[in-house]
Each structure stands twice: as C-alpha cells, then as structure tokens.
Amino acid sequence: MAGLHIENLSMRFDLPDGGSVQALKDVSIDLKPGELLSVLGPSGCGKTTLLNIVAGFLAPTEGRITLNGSRVTGPGPDRGMVFQQGALFEWMNVRENVGFGPRMKGMKAKPKREIVDHLLDVVGLRDFKEKAVYELSGGMQQRVALARCLANEPDVILMDEPLGALDALTREKMQGLVLKLWKETGKTIVLITHSVEEALLLGERLIVMAPRPGRIHKEYNLPFADMGVGRDLREVKKDPRFAETREEILSMIWNMEEEIMGSAGEPV
Amino acid sequence: MQVIANLWGELLTVLTAVGTALPYILAYVALILLLMVVWSGVKRLLRPRHDYGSLKTVKFGDESAVASNTVASVISIVLIFVLWGAFTGSRLLPGFLHMPGPFQGTATFDYTLTGPDGATDDATVTVLVHPADVTTADPEVDPGTGIARNDSIAIGMFRSALLRVSDNDEITRDDGAEITAIDGSPIAPGGAVRTGFGHVLMTPKGTLNIAPSAGWQMEPIWLPPPEAVWSQAVTIARDGFRGASLWEHLGYSLFRVVVGFLLGALVGIPLGYAMGLSDWFRGWFDPIVEFMRPVPPLALIPLVIIWAGIGETGKIILLFLAALWIMAIAARSGVSGVRISKVHAAYSLGASKWQVMRHVIIPNSLPEIFTGARVAMGVCWGTVVAAELVAAQTGVGMMIMVASKFQNTDIVLMGVIVIGIVGFTIDLGIRWLERLMVPWKGKG
Ligand SMILES: Nc1ncnc2c1ncn2[C@@H]1O[C@H](COP(=O)(O)OP(=O)(O)O)[C@@H](O)[C@H]1O
Ligand SMILES: [Mg+2]
C-alpha cells in the first residue's frame, strides 16, 4: 500500500490544570506518492499537531499512520521536515548542514559531497557552500533547509509554514522553487500554511481545517500547482478560478473565526 | 532598640562623609562634561558632521547604540594617574601640577616666656622637617642668653611633635613660667598660632605642639606615588616577597583558580547536562544547586579551613565549589534552551539519540557554557584572592595582606593593580576563546 495514510487520527492534550484540549478529531487523509497537499486553517486548528504526529514527534491518542505499508511509530529519515525558521544548525556551515543526513547515515565523504554539491546547485546556493548559516538571509536559510531535507532522500516532505517568516517577494520566489522541486523530485509533500494564496498555489490537493476540535472541514482538488510549474505564479493568480476559490475559502475561514470569537468578532 | 540607634548613628556618619565628598564628585562630573564639550568642538572643527546620528538623542535600551568613546577612555585613565601623581608629589609629573606639599626644611619661630614675676624673654626654636623615613638628630643651636633659651627639634614630614620649650630655660614651667606668645602673637593653653611653616598649638597643660604644614599631598604610607608602586613591582618581581617571587605568588593564585575552575567545570557541565536531560536528575539536584548557588563562596572559607586546612587542597575545594554550581546551571540552561525544532530536524534526518546529543544538544549549549565560564572565572578569581587574604603561605592575596600588616602600602597597591590586570586578562582570554569557538553566539 504505497503512499501516506492517515487513519482516524485524534489527539487530546492533557493540560496541567486537569482539563484537556482536543487538538485533532477523527482526521483521515490518504496521499498517493508524488501528491502535493497543502493544509490550511485558522491558527490553533491543529495543523502543527497533525504534522508532528505524521513526523513521529507525537504519538496520537487514537488512529494510526502508515507510510508505504509500514506503521509510523517515531521520527525517521523517510519523512523529512522543513520548519518555519531556526531549525538549521548554526555551528555548521551551509555545506555541513546539507550533508547532515548523509553524515548521520555514515555515508562516505565523496558521495556525500556529490549530493551536497548537486542540491546546492538545485536551490541556487552554489557560491554559499562555506558560509555560516547566520550570514544568510531568511530566504537563503530556507533554501538550505530544503536542500538539507532533500539530501536525505525522504519519501515524504513535511513543511510547517516554511515560508511564513519571509517577505512577500522572497516568498513568491520560494513558492516557485517548491513547485520546481516537487515536479523534479516527485516527492510526496505536505505543506502547512495559513496563507490562502499559498495554499492554492502549492496544493494539488487542499485541505481546509476547522478548529475546536481540529478536523477536516473541506477538501479541494486544484489545477493551480500543475499550472504553476515553470511559470510565473502571478499569471496563475490571474486565472478567474483562482480568485473564485480564494474568495470561497476566505469567507469559509472568516465564518470559522466568527464562530470562535462570537458575533462580536470585529475584523482587525 | 539600641541597635537601631547605633545604626542610625552609623548612617549619619556615612551621610556626612558622602556630603563631604559631594563637592569633589560634582567637580569631577563638571570636568567630564567640560571635556566632552571641548572634544565635540574639536571634532566638529576637524571633520564637519554629515550624518544625522546627532539627532538620535534617545538611546535607552539599545546598548549597541552607544559605543565607547576611546578619547574619553584615554583621558579618564590619564586623569586618574595625574590626580594620583598630583596628590602624592610624583616625580613623573612636572612640579606645577603638584598639590601643595608638606613643609620640608628648616624653619624657626620665637616664643615669649613670662616668668612668675612678670619678666619676659624671647627665645628661638629651630624646626627641621625631614623625610619621615630617615631619622635625624635635632639640629645644634646656640642656647643664647636670657631666661629663655633657644631650642631645636627634628620632625618627620607629615608629623607633629610636642616640645617642652621651657625645660632648658632658666625658669621652667614647674617654676611657674608660662609661654604667652608665639612670634609675638599671644597664645594660651588650648590655643594655636599660625607660623610660616605651619601651626604651633598649645596643649591644655601648656606644652607646645609643633605641627608643620602637611599640605594637600598624601603621606606615602596612605598613598604612595605611582613610581614607588612601580619600583616595588620591579623589586618584588626581581627579589620576591616572603620567599617567593611575584610570578610565583601569581602562579600559585592562578594555579588554584585554573585547577578549581577546571574541576568545577568537569563535574558541573555533565551535572548540568544530566539535569537538563533527565527529570529525575533535575529533581534530585535542583534543591542542592538552587540552595548552594546563592551561598557566596567566601562564606564557605571558614568551613573549608576547618575541614581541609589552609593548604592547596582547601583552596581548590573552595574554588571547585565556586565554579561547580555556576557551570552546572549554565550547562542546564544550555541544554533546556535548545530549540525543539532543531532536535526534531535532527531526528527527521535520521540521527540517533546519541547523535542528537553529540551534534545538536552539546554544540547548542556551548554559548551558555561560555557565558557561565566567564562568570565562574570572575567569581573564582575573587574568591582565591579573598581566601588568600584569610589564610595562605603564598599567592597575591597573601602578599597584600602581609604587606598591609607592615604598612607597605606600595606593595598593597601594586597587588591590587596586579589582581585587576590578571582578572581583566582572564576575562579577555575567555572572550577571545568564545569568539573562536562559538562564533554563532547570539545569532541563532
Ligand atoms: N503540547 C501541547 N500541550 C497542550 N496543548 C497543545 C500542545 N500542542 C498544541 N496544543 C493545543 O492544540 C491546539 C492545536 O495547536 P497547533 O497544532 O499548534 O495549531 P496550529 O498549528 O494549527 O496553529 C491548540 O489549541 C494548542 O493550544
Ligand atoms: Mg502551527
């Protein structure tokens, strides 16, 4: 059974005061190899929790996850992670960061160097190999994070708001890069975002989650990711279907927020 | 209640002292401001301003906004030495910068003796004021004639001396003679007369107290001039002090600090790691560490002396304890401070628990450990000096303690300066090592 299967996942956090939070309730997702899924939802709806469970950092209270037929019971190199920021190792330079996964596997220096050089070419950081990561801009750091993740040849790449800390222009460039990598590597990708546009652009499939308890609210199959590969993403955004879907999702999330805040919820 | 009254009295004494010092402090601040204005004027003449930095008047909170002005630092240090030299009559300074010094040389004054019958006669007292560290015989003078006879006395600089001038006179005090005037000015018991070289006072019993002017300068026994301190440093570096050279004393102190600190780090860092990684270890050691941390190492000196004597073992135990808690706490917060996403990233990249420890947790904790090491070294250096003040055969602390017992103020001052320089150098060294080993510090 190839692909990533999330079955009836529920997660309840027990709070120190005796209460508990139902972060996820009955979430099921099936991903075929090579699919690109974006997950969208208001803050606190359990997106990070979902990703952490898939990555194996958290054990769900109910449900199970299988990847290519074997059950997920902990973190592993078959599922790579890209975090928002600050997950690079400052004590290593760019080359060492990218080569971290191969090094952990005990790979020999020569094949490791080939992998690192190739990936740095792919993400456009060939000339920054020996730089310290804190000398790079935020966008470059995320390129390193992508390359580091790819160096390990994971089956699935999990991204938790990977572009959330970048400025708009850099962000747009990076969205293009993510699409390019997706097409070129054929990896299965789960990307979490709270930007509706990003979710539309980078989701072959798009899941909108609702909070309290965190659950799947609606699912879309979208053409924009395929359209966007190798093209200017601004062209894609001009597509009338794009604007239509965006408006639909925006008002959906707007209503969710209203429910949480009560009718007094004012736009901020 | 008595205590409160006592403390209140003490407080008033302190406040009075502060009040006395206040004008000098204000003058110092005024000088700082004056030089600041002068310097900014000079700078504007040399290089007119092109930026808007001067508009930035509020610089609170952002420490980096204010960089240290090198010119101010240089002036500040030079001024300290100038003041020091001026008030000690240093030979390094041109004479016009000296504060008025103590009277030195020979002077005379006349006194008028009045006999019980009302007869008066004048006699001259020759006063020889000589450097305090040489003994000098009273100068020879011709006794002269009349009922009052001439006297002489040698007095060390900064000192005063009692002289019963009538003892050699025809009619002495015991016969009912009294001294009624000095240099023509009348004087009575308890009174004083100003003379060319200082003051002549009369005790209630009628003895003259000859007090040559001490000037504004400090007596070397209070504050020796810079060159005296320097020459003591040279002498002690060459000949040693109490059977050990300056370098040996320093070496002993540094040896204790380094060994104590290294032992403390060797135990403290693993302890901190264990506390940061295991809730059991954390629970076990938290009460001990949190209790021991606020106990000043100096308070342990008596206990350590009782247990281990005043030898090297006791000192090293003390410094070990001084460094131990600081290093343990630094390592603990270094471990707990690791961003969980870094650990997660490492696991997702296929790292084992041990590899996460080796490649993530430990390097991530290094900046905190360096910060701890800086603090610990400072505390250790202070503690070793204090411990040597209390009890030691060697070390810079012992050196200044013994010197102070013999009032060798120059050695004490030299010791204090050496202690400061060494402490500063240690800190610089650790900072240098820090830049070398954890260049990413504060940039994560
Ligand atoms: N470790 C935890 N302990 C308790 N509550 C948690 C924990 N992690 C997340 N939660 C709660 O679970 C809910 C979902 O959180 P999260 O997955 O971070 O949401 P999102 O990423 O969508 O913003 C939130 O209400 C949050 O407070
Ligand atoms: Mg989140």
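Let's start with helix H8 of chain B, residues 340–348, which is mostly covered, with seven of its nine residues buried. Helices here are DSSP runs of H or I with at least four residues, strands are runs of E with at least two, and both are numbered from the N terminus. Buried means under 20% relative accessible area, exposed means over 50%, and partly exposed is what lies in between, using a 1.4 Å probe and protein chains only. The buried residues of H8(B) are B:Ser341, B:Lys342, B:Val343, B:His344, B:Ala345, B:Ala346 and B:Ser348. What covers them includes pieces of chain A, namely helix H1 (47–55), strand S6 (79–82), helix H3 (100–104) and helix H5 (138–150), together with helix H9 (353–390) of chain B. Contact means heavy atoms within 4.5 Å. After H8(B) comes B:Gly350, with a positive phi near 95°.

A word on what you are looking at: this is a predicted model, in which local features need pLDDT of at least 70, side-chain atom pairs count only at pLDDT 80 or more, and totals for chains, interfaces and linings use all residues. Residues are numbered from 1 along each chain as its sequence is written, chains are lettered from A and ligands numbered from 1 in the order in which they are written, and side-chain values use heavy atoms, with hydrogens and water left out.

Now step back and take in chain A. Its secondary structure comes to 10 helices and 10 strands. The C-alpha trace spans about 60 × 45 × 35 Å along its principal axes. A compact globule of 268 residues would have a radius of gyration near 18 Å, and chain A agrees with that at 19 Å. That radius is taken over C-alpha atoms, and the globule rule is 2.2 Å times the number of residues to the power 0.38. Buried residues make up 52% of the 268 in chain A. Of its contacts with a separation of 6 or more, 69% are between residues 24 or more positions apart. The accessible surface of chain A is about 12,300 Å², and 48% of that belongs to carbon and sulfur atoms; such areas come from the Shrake-Rupley method with a 1.4 Å probe, and for residues only the protein chains shown count as cover.

For a closer look inside chain A, try A:Ser38, in strand S3 (residues 36–40). A:Ser38 counts as buried because its relative accessibility is 0%. Its C-alpha atom is 6.5 Å from that of A:Leu202, although the two residues are 164 apart along the chain. Setting aside neighbours within four places in sequence, A:Ser38 has contacts that include A:Leu191, A:Gly203, A:Arg205 and A:Ile207. The side chain of A:Ser38 also reaches the backbone oxygen of A:Ala199 at 2.8 Å.

Another buried spot is A:Arg171, in helix H6 (residues 168–185) of chain A; with a relative accessibility of 15%, A:Arg171 counts as buried. Beyond its neighbours within four places in sequence, A:Arg171 is in contact with A:Leu163, A:Gly164, A:Leu166, A:Thr193, A:Ser195 and A:Glu198.

The loops of chain A have a few quirks too. A:Glu153 sits in the loop between H5 and strand S7 (156–160), and has a positive phi of about 55° although it is not a glycine. A:Glu153 is exposed, at a relative accessible area of 58%. In the loop between strand S9 (205–210) and strand S10 (215–221) you'll find A:Pro213, joined to A:Arg212 by a cis peptide bond with omega about -5°.

Back to chain B, which has 11 helices and nine strands. Its radius of gyration is 33 Å, well over the 22 Å that the globule rule gives for 444 residues, so chain B is more spread out than a compact globule. The C-alpha trace of chain B spans about 115 × 65 × 55 Å along its principal axes. Of its 444 residues, 39% count as buried. Chain B exposes about 25,400 Å², with carbon and sulfur atoms supplying 67% of it.

Finally, look at helix H5 of chain B, residues 279–292. At 1.5 Å a residue, its 14 residues should span 20 Å, and the end C-alpha atoms are indeed 20 Å apart; the expected span is 1.5 Å times one less than the number of residues. There is a kink of about 45° at B:Phe285, shortly before the proline B:Pro287, where the bend is the angle between axes fitted to the seven residues ending at a residue and the seven starting there.

Key
A polar contact is a pair of N or O atoms within 3.5 Å; within protein, one must be able to donate a hydrogen and the other to accept it, and residues adjacent in sequence count only if both atoms are side-chain atoms.
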